[in-house]
Amino acid sequence: MSFVYDKLLGGKSGAIGLLVLSVIILIVFPMLLDGFRLNLVGKYLTYAFAAISLVLLWGYGGTLSLGQGIFFGLGGYGMAMFLKLEASSPENTAIQSTPGIPDFMDWNQITALPWFWEPFSSFGFTLLAILVLPALFAYFIGVAMFKRRVGGVYFAIITQVIAVILTVLIVGQQGYTGGINGITDLRTLNGWDITSDSAKYLFYYINCGLLIGVILLSRFILTSKFGRLLLAIRDKEDRVRFSGYDVANFKIFIFCFAAFVSALGGAMFTLQVGFMSPSFVGIVPSIEMVIFAAVGGRMSLIGVVYGTLLINFGKTTFSESFPELWLFLMGGTFIAVVMFFPNGLAGLWSQYSPDIIKKIRSTFGMANPELPLSSPGLKETNS
Amino acid sequence: MGGYSYGELGAIFAMQGFSGISLFSVLLLMALGLAIIFGQMGVINMAHGEFMAVGAYTTYLMSSLTESFFPAFLPYYFILSIALAFIVAGAMGYLAEYVLIRHLYSRPLDTLLATWGLSLIMQQSFRSIFGAREVSPTLPEWLLGAYPATDMIDIPINGLFVLGLTIVVTLGVFYLMFKSSWGLRVRATTQNRVMSGAVGINTKKIDRFTFALGCGIAGIAGAAFTTIASTGPTTGTLYIVDTFMVVVFGGAASLFGTIASAFSIAQAQSILEFFISGSMAKVFTLLVLVLILMFKPEGLFASKVRR
C-alpha cells in the first residue's frame, strides 16, 4: 500500500492533486459541458500528453525538445492512416478511378497503395506502430545526439529542424500523405461509427483514463532512483558522469518515453477530432506544447494539465472574439511566465496554497497541522 | 539528370547559382546577426526573423513616403533605407535587450521561449499596422533588370547589388569583431564575464550593444530581402530555422564558418530546386545538414573555446 501511495501518487499532496484533477475531468466537465464542448476539452487533453512528456524531458531532464510535435504527429498519423484505409474500402470509393485507395491518392494520380500504407490496414499493427515507432524514432535521434554529448540549445534546434523536415515532407508529398489538408474524413473504427455522440463520450473517458495512467507512470519514474538521477543530470551533468553513470542512456530513455507519451496523445487526438494534419507537427505546435508545460509549471505533472487547458480555453475564447488581441496576449504570457513565474501555475500554487488552506481551516475552526513544504525548485540550468 | 546536355547543365548551374546568391546574401546577413547574438552571447533569439521583417517594413515605409512626397528622390532612397533599417532594427533590439533579454542570460533555454513570445507580439503588430497582405517597396530603376553575361546566362542586377551589400557588411562585422577594441571587449566578455568586469569592461553595456548590433544586421538583411521577395507579417518565421541551421552548421562564433555554411546551404537548395521540387530540395538539404551535425555536432568550423 505504501508503494502505491509514495511511488505512484507522490505522497499526500500528489494524491490530493490527482484526485482533484480526476474529479474535474471525469465528473465536473462531463456534467457541465455539452457534447461539442466536451469534445473540445478532450482535444485539449490530448495536448496535455505532450505537455507531460515535456515535464519529464525538460522540467526534470533539463533537455528541451522543440520537436514533441513530431511524435504527436507520428502517433496521430498512424491512427489516421488506419482509419483512412478503413474509410476507403472499395465499396466506399467506387467512384474513384482506382477504388480502394484513399481519396487524396486518387486525386494525385496514384494508382496503387504505397508499401508503407499496407501494414496500416491491420488494427493490431497500427496500435503497435503507434506505441513503438515514435519511441524507436526518438531512440535513433537520441543515440545520435546524446552519445555525442549534444545537448541543451543544440538539441533544441536540431529537434526543431527535424519537425520542419517532417512538416515540409508531409506537405510536399501530398499524394502519399494528404498534403497540407492532412488525412480527413475519418468515419469508423472497426466498423464502429466514431463520429457519433456515444463514441465521442467513450473516447473522452478513454482519453482521461490514459492521461491519468500516464501521470501515474510518470510519477513512478520520477520518484524512483532514476528520477533522482534525472534531476542530478539536469543540475550537474558532469558530476553524474564522473560518478560512473552513463548519462547518455538515461537521457535516451527519457526522450523515448516522452516520445511514447506524446504519440499516445496524437493517436487520441485523431480519434476524437476525426482528422490529422501537418499543422499539428511543425514548429508552432511544438513550441506551443512547450508553452503549455511552461505555463502549467515545468516541474508539475498535474500543473501542466491545467496549463494546457487554460491556454487552449484562452486561445479558443480570444481567437473567436478578439483574434487581434490573442497573439499579443499569448506572446505576453510567454514572456511573463519566463520572467516572473518560471515555475508556472504549479509554482504559484505551492507558493500561495499554504496560506489559503490555513485561512480556510481557521475559518472553519480546524487546527492547522504543520505542512511540510517540499517542492523541488527550479534551478537555473547553465548549458 | 537525363535530357540535358553539358552546356545546358552548365548554364542551369550558373543561373541557379546566381539565384542562389540572393538567398545566400539574405541568409548570410541574417546569420551574421544571429551568430553574434547566439555565438557570442548564447541567446537563442527566435525573434530574429521579426527583426529582419522590421528592416523590410522600414524599407517599404521609406519607399511609400518617398513616392508620395519626394518622387525625385526615388532613385536614391534605397541606400538611405538600408541605413535606416539598421538603425530602427538595432534600436528595437536595444530595447528588447534592456526590457527582456538581460534578465535571462543565465537561462539560455528560457530566452528561446521569451523571444518566441516577443516574435508573436511583433508579428501581430506588423499585421495590425501594415495589414495581413504582403507588401513590397517600389525598387529604384537601377536595381531592376538583368545583365546578360552570355546568351544563356542572365545575371539579375538586384542579386549583384545584394551580394555587394553583403560583402560590405561582412567586412564591417569582421573589422568590428576582430580588429576594433570594441570587438575585443565583446570577445573578452564572452570568454570570461567576471574577469572582463574586473578589468573594467562594462559588460552590461557590451551585452546591450552586441544584441542591438545583431538585430541591426538583421534589419539590413530585411532591406536586402525586399529586393528579392515581398514582405508579410510571417516572413521572418520562414527564415528563422534556416538561419539557425546556418549558424549551427558553420560552428557558432566562427565568422568564416558562417559564410561557408550560408553559401553551401543556399547553393545546395537553389541548385536542387531546379531538379526536384522546392519542398523536396528543402527536405533534402535540411536532412543532410542534420545528418552531418549528428556526426559533427560542433559544426564545420568549431572555435576552440572552453565550455
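## A first look at chain A and its helix H6

Residues 243-269 of chain A are 85% helix and 0% strand, with end C-alpha atoms 42 Å apart. Helices here are DSSP runs (H or I, at least four residues), as are strands (E, at least two), numbered from the N terminus. This is a predicted model, where local features need pLDDT of at least 70 and side-chain atom pairs count only at pLDDT 80 or more. Residues are numbered from 1 along each chain as its sequence is written.

UniProt (unreviewed entry) lists residues 243-269 and 289-313 of chain A among its "transmembrane region" spans; such annotations may be inferred rather than shown by experiment. Here are those two spans:

| Span in chain A | Helix | Strand | End C-alpha distance |
|---|---|---|---|
| Residues 243-269 | 85% | 0% | 42 Å |
| Residues 289-313 | 76% | 0% | 14 Å |

How far can you trust the model? Chain A averages a pLDDT (the predictor's confidence in each residue, from 0 to 100) of 86. Over residues 371-383 of chain A, though, pLDDT stays under 50. Where pLDDT is low, the predicted coordinates should not be read in detail.

Now for H6(A), residues 123-146. Its 24 residues should span 34 Å at 1.5 Å a residue, and the end C-alpha atoms are 34 Å apart, which agrees. H6(A) also bends by about 35° at Ala129(A), an angle taken between axes fitted to the seven residues ending there and the seven starting there. Ala129(A) is buried (under 20% relative accessible area, 1.4 Å probe, protein chains only), and other buried residues of H6(A) include Pro134(A) and Phe146(A).

Notes:
Chains are lettered from A and ligands numbered from 1 in the order in which they are written. Side-chain values use heavy atoms; hydrogens and water are left out. Contact means heavy atoms within 4.5 Å. The expected span of a helix is 1.5 Å times one less than its number of residues. Buried means under 20% relative accessible area, exposed over 50%, partly exposed in between (1.4 Å probe, protein chains only).
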